[in-house]
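Thanks for sharing this one. Here are my notes, point by point, to read alongside the model.

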Amino acid sequence: MRAWLAAHRTGFIAALARIALAPVGSTLNALVIGIALSLPVGLYLIVVSLQAASHQMTSTPQISAFMALDANRSEIAQIEARLKQSSRIATFRLVAKDQALAELKKSSGLADVIDGLPQNPLPDAFIIEATDTSPAALEALRDEIRQWPRVAHVQLDAQWARRLDAGLRFARVVTAVLGTLLGIALVAVTFNTIRLQVLTRREEIEVIKLIGATDAFIQRPFLYFGALQGLAGGAIALLIVSAGAYLANRGLGELSHVYASLLQLNTLSAGDSAALLAAPAALGWFGAWLSVSRHLALIEPS
C-alpha cells in the first residue's frame, strides 16, 4: 500500500513539475477549458433560476370566470353554489362588478372618464383556485366552467406557465447536449495535449522502458497532468459563472426590487460546485488515459 501511494505521489509531483515547466501553455489550456465549460454551466444556472421563479410565481394559479353582463343575482348565486359543491375547487371569491369598477377607477387614473360612462361595463367575476394545479387539470377545470350557464368567458391566469415550462424543458435539453459536446471537446483537447507530450518524450520513455519501468509508472504523470488541467479548467469555469451571476444580480437589482427574488440568478450549490470541479478532472484523466495508452503501445525500445 505504501509503495502504491508513493508511486502516485511521485506521478502527481511529476505532473506538477511539467505544468511548472510550461506555465503559459498550461494556463491557456485551462482558460480554454474553463471558458468552454462556463457556457453550459451558465445556461444551467439560468434554467434553474427560471424554474425556481416559475414555481414561486405559479404556486397558486388562478382561473377567472366572468359572468354575462346582464347576469342577475340569482344566476350568480347558482354559479357560487356549483363552485362550493365542486371537489376540484380549493377556494374562490366573488369580485362584484361595482367593486371591480371602483378598483379600476382608483388604479387607472381615469376617474373622469369612468364617471362619464352611462353604465358599468365590467361583469361580475369569480377568482378560483383549484385543488390540482397541474396544467392539464387546470385546463380541464377551465373547460368545464366555460360550459356553465351565464358564464361568458373563462381565463386561465397561469396558462403562460405551460409555455414557460415547455421552454425550460427545451433549455434543459440544450444544456445537456451542449455540456456533452463540450465534455467530448475536453477529452479531445486533453488527448491531443498528452499526445504531444508523449511524442516529445519518446526517447526518455524508451530509456525508462529499457530499465524496466512499467506502463503504469510511465502513465501516472500524464494522467495526473490531464486531471489537473481539467480541474483547473473547472475552477476557472466556477469563477466565471460565479462572477457572472454576481454581476447579473447587481444589474437586476432594480427589477428584483419590483419582482421580489424572481429575477435573481441562483448561485451554484456546494454539490454543483463540486461536480463542476470533479467532472472536468475525470474527463481530463480519461482523455489522458486514452492518449497515453494508445501512444505508449507504439513506443518500444530499440
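The points below go from the whole chain to the sheet, the surface and the salt bridges.

1. A reminder to begin with: this is a predicted model. The chain holds 11 helices and four strands. Of its 302 residues, 36% count as buried. Among contacts between residues at least 6 apart in sequence, 84% join residues at least 24 apart. About 17300 Å² of the chain is exposed, and carbon and sulfur atoms supply 64% of that area.

2. Next, the sheet. The four strands form an open sheet with antiparallel pairing, and their order is E2-E3-E1-E4. Strand E2 (89-95) and strand E4 (151-156) stand at the edges; each has a single partner strand, so one side of each is left without a neighbour in the sheet. On average, neighbouring strands are turned by 20° against each other, direction ignored.

3. If you would like a pairing to look at, try E2 with strand E3 (residues 125-130): the two run antiparallel and are joined by six bridges. Thr-91, for example, has Glu-129 in E3 as its bridge partner. Helix H6 (residues 135-146) packs on this sheet and touches strand E1 (62-67), E2, E3 and E4. The direction of H6 makes about 170° with that of E4.

4. Which residues make the nonpolar surface patch of about 430 Å²? They are Val-24, Leu-28, Leu-31, Ile-35 and Ile-240. Helix H2 (residues 23-57) gives the largest share of the patch, with four residues. Ile-35 is found in H2, and its relative accessibility of 47% makes it partly exposed.

5. Is Ser-291 buried or exposed? Ser-291 counts as buried, because its relative accessibility is 0% and the cut-off for buried is under 20%. This serine is found in helix H11 (residues 270-296). Leaving aside neighbours within four places in sequence, Ser-291 is in contact with Phe-191, Ile-194 and Arg-195.

6. Now the salt bridges, of which the structure holds five. In one of them, Arg-150 pairs with Asp-70, and the closest N and O atoms are 2.4 Å apart. Arg-150 lies in the loop between H6 and E4, while Asp-70 lies in the loop between E1 and helix H3 (73-85), so the pair ties together parts that are 80 residues apart in sequence. Arg-150 is partly exposed, with a relative accessible area of 31%, whereas Asp-70 counts as exposed at 57%.

7. Another salt bridge joins Arg-88 and Glu-144, with the closest N and O atoms 2.4 Å apart. This pair links distant parts of the chain: Arg-88 is in the loop between H3 and E2, and Glu-144 is in helix H6, 56 residues apart. Arg-88 is partly exposed at 32% relative accessible area, and Glu-144 is partly exposed at 29%.

8. Helix H6 also has a salt bridge between two of its own residues: Asp-143 and Arg-146 are three residues apart in the helix, and are thus separated by about one helical turn. The closest N and O atoms of this salt bridge are 3.6 Å apart. Asp-143 counts as partly exposed at 32% relative accessibility, and Arg-146 is partly exposed with a relative accessible area of 40%. Finally, salt bridges that share partners join Asp-70, Glu-75 and Arg-150 into one network.

Methods
Residues are numbered from 1 along each chain as its sequence is written. This is a predicted model: local features need pLDDT of at least 70, side-chain atom pairs count only at pLDDT 80 or more; totals for chains, interfaces and linings use all residues. Side-chain values use heavy atoms; hydrogens and water are left out. Buried means under 20% relative accessible area, exposed over 50%, partly exposed in between (1.4 Å probe, protein chains only). Contact means heavy atoms within 4.5 Å. Accessible areas come from the Shrake-Rupley method with a 1.4 Å probe; for residues, only the protein chains shown count as cover. Two strands pair if DSSP finds at least two bridges between them. Axes are lines fitted to C-alpha atoms, for helices over the stretch in contact, and angles run from 0 to 180 degrees between N-to-C directions. Patches are made of residues with over 30% relative accessible area and no salt bridge: like charges are joined within 9 Å, nonpolar side chains (Val, Leu, Ile, Met, Phe, Trp, Tyr) within 5 Å. A salt bridge is a side-chain nitrogen of Lys or Arg within 4 Å of a carboxyl oxygen of Asp or Glu.
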